[in-house]
Amino acid sequence: MNRQRVLFQEKSEHSFVLKKNEWSKTEFQDEVRARSLPCATMICGGFGLGDALMITPALRGLKELLPHQPVHVFCRPKEFCIFQNNPNVDLLIGVPWKFSWKPVKENYGRSIHLYKSINGNPKAELVNAYDIFAQLVGVRPHSMIPDYFPVPEELDRARSAMETAGIVPGRDKVAVFQPRASSLLRSIPDETTLDVLRGLEDRGWKTVVVWKDIKPSAEGLKNTFWTSADFPDLELRDIFALVRFADKVIATDSVISHLAGAYSKPSLLIYGPFPAELRASHFTNARSIQADVECGPCFQHGSRCALEGKTIPSCMKQIGAASILKQFDDFTTNSVSSVPRTFLQELHGPGPSCRMCGFGEMKSYARKKNTLYVECIKCGSVQTDPAYSEDPVFTTPKHHYFERKSGGDLITAKKSLCSLFSVLPELVKSNGSLPRALDFGAGGGG
């Protein structure tokens, strides 16, 4: 019988009980069914570590809304450590890839699947990722700052390892630096990393580099410490506890950037494919460096730049060590451009009419910089609100962009135009013998 390791954490009063079991699929399903409750909310999905942290405000908001209703989280073993010891999670299960939570969903009154909430979701190009998770869960937390809960033993191990390596928190100036993300698209080159580390040493900082691989050749760096080489015995949660002792954090768009937000650490965050306002606009103690390239932000995930192949892209190469160190030296708080989050509020009054089907009821959808997008209640198309933008960009329900130029031409890619065919039956309906017309503009001829 094929048995897999299943991580299990249950909340008991004000403590947590952690179990590691070797179960078959049948045993796993039986154990979960025995603990499932119709009144509980089941939240499941396979996430990255950063995504898991971005979900935590939604979990907190769920407990704020329904404090007596259990919250059960099903995740992959990799993200289990992010949700551990979270008081807003009553049951946490690390599900092996070969197992499925689908057979137990029927035992829950409410289940929410968050897989691909960011990657592959076009709305993630318009809305702060934290807000996306909150909307999917159906809550409005009082704060979008992520939650992470290290335990005293983890903090002790982290401090002990630092002191053994020659770092004394509270006496030394300690920086934590994560130059690589899970994707090459969000990582800075090794040469830039080494130049930044040399600059930090010249400024009297002792730097811990969060690094998975063998460290690159770093001759002359005496006060730089690599987690892969200098702290090989620390578990992932111990490394996360280590960030708690940092005076400042430098991180690319990955888990350490969100962890710095959870700890409220002064942090310099580096962005290329994704705009900073969609990740860190709500962090009150952070500033960002945003690559400015013609092809970005491209919102690409994975490890492949469509323009440059499998390599670190131009947007991340453009951010040099000199600019990172200058921003680090000039660091001030509250410096990430904040985007008003009014997209969570319903529009009041009649609002605009849908330019796709003419229906008169629209609801707010998202805000990207200074542009407000609204969604038609009837056909589901997303459009700019004319009160906020004169540019009549709008999308089909499949989120492909169309643009109306002043000359009246409809500019679109072939793929986007073909996607419109799937919605034509809904948009062009026969009324007796007279078909309705489609108007592709805010005014003038269609």
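## Helix packing exercises

In this predicted model, A321, I324, L325 and F328 of α11 are buried. Let's work outwards from there.

**Exercise 1.** Work out how the buried residues of α11 are arranged around the axis.

*Solution.* Start with the buried set: A321, I324, L325 and F328. Around the axis they take up an arc of only 95°, so they sit on the same side of α11. Now flip to the other side of α11, where A322 and K326 are exposed. Finally, look at what lies over the buried residues: the cover includes α6, β8 (205–209), β10 (248–252), β11 (267–271) and β12 (286–290).

**Exercise 2.** Describe how α6 packs on α11.

*Solution.* Take the geometry to begin with: α6 (residues 190–202) and α11 (residues 321–329) have axes 9 Å apart and an angle of about 40°. Anything from 35 up to 65 degrees counts as oblique, so α6 and α11 are oblique to each other. Their crossing is right-handed. Next, the residues: α6 brings T192, D195, V196, G199 and L200, while α11 brings A321, I324, L325 and F328. Sorted by type, that contact has 6 nonpolar, 2 polar and 1 charged.

**Exercise 3.** Do the same for α2 and α4.

*Solution.* Here the axes of α2 (residues 49–65) and α4 (residues 129–137) are 8 Å apart, at an angle of about 45°. That makes this pair oblique, therefore, as well, and the crossing of α2 and α4 is right-handed. On the α2 side you'll find D51, L53, M54, I55, P57, A58 and L62, meeting A129, Y130, F133, A134 and V137 of α4. The tally for this contact is 11 nonpolar, no polar and 1 charged.

How values were computed: Residues are numbered from 1 along each chain as its sequence is written. This is a predicted model: local features need pLDDT of at least 70, side-chain atom pairs count only at pLDDT 80 or more; totals for chains, interfaces and linings use all residues. Side-chain values use heavy atoms; hydrogens and water are left out. Axes are lines fitted to C-alpha atoms, for helices over the stretch in contact, and angles run from 0 to 180 degrees between N-to-C directions. Helices (H or I, at least four residues) and strands (E, at least two) are DSSP runs, numbered from the N terminus. Angles under 35 degrees count as roughly parallel, over 145 as roughly antiparallel, 65 to 115 as roughly perpendicular and the rest as oblique. A crossing is left-handed if the near helix is turned anticlockwise from the far one by less than a right angle, and right-handed if clockwise. Contact means heavy atoms within 4.5 Å. Ala, Val, Leu, Ile, Met, Phe, Trp, Tyr, Cys and Pro count as nonpolar, Asp, Glu, Lys and Arg as charged, and the others, Gly among them, as polar. Buried means under 20% relative accessible area, exposed over 50%, partly exposed in between (1.4 Å probe, protein chains only). The arc is that of the directions from the helix axis to the C-beta atoms.
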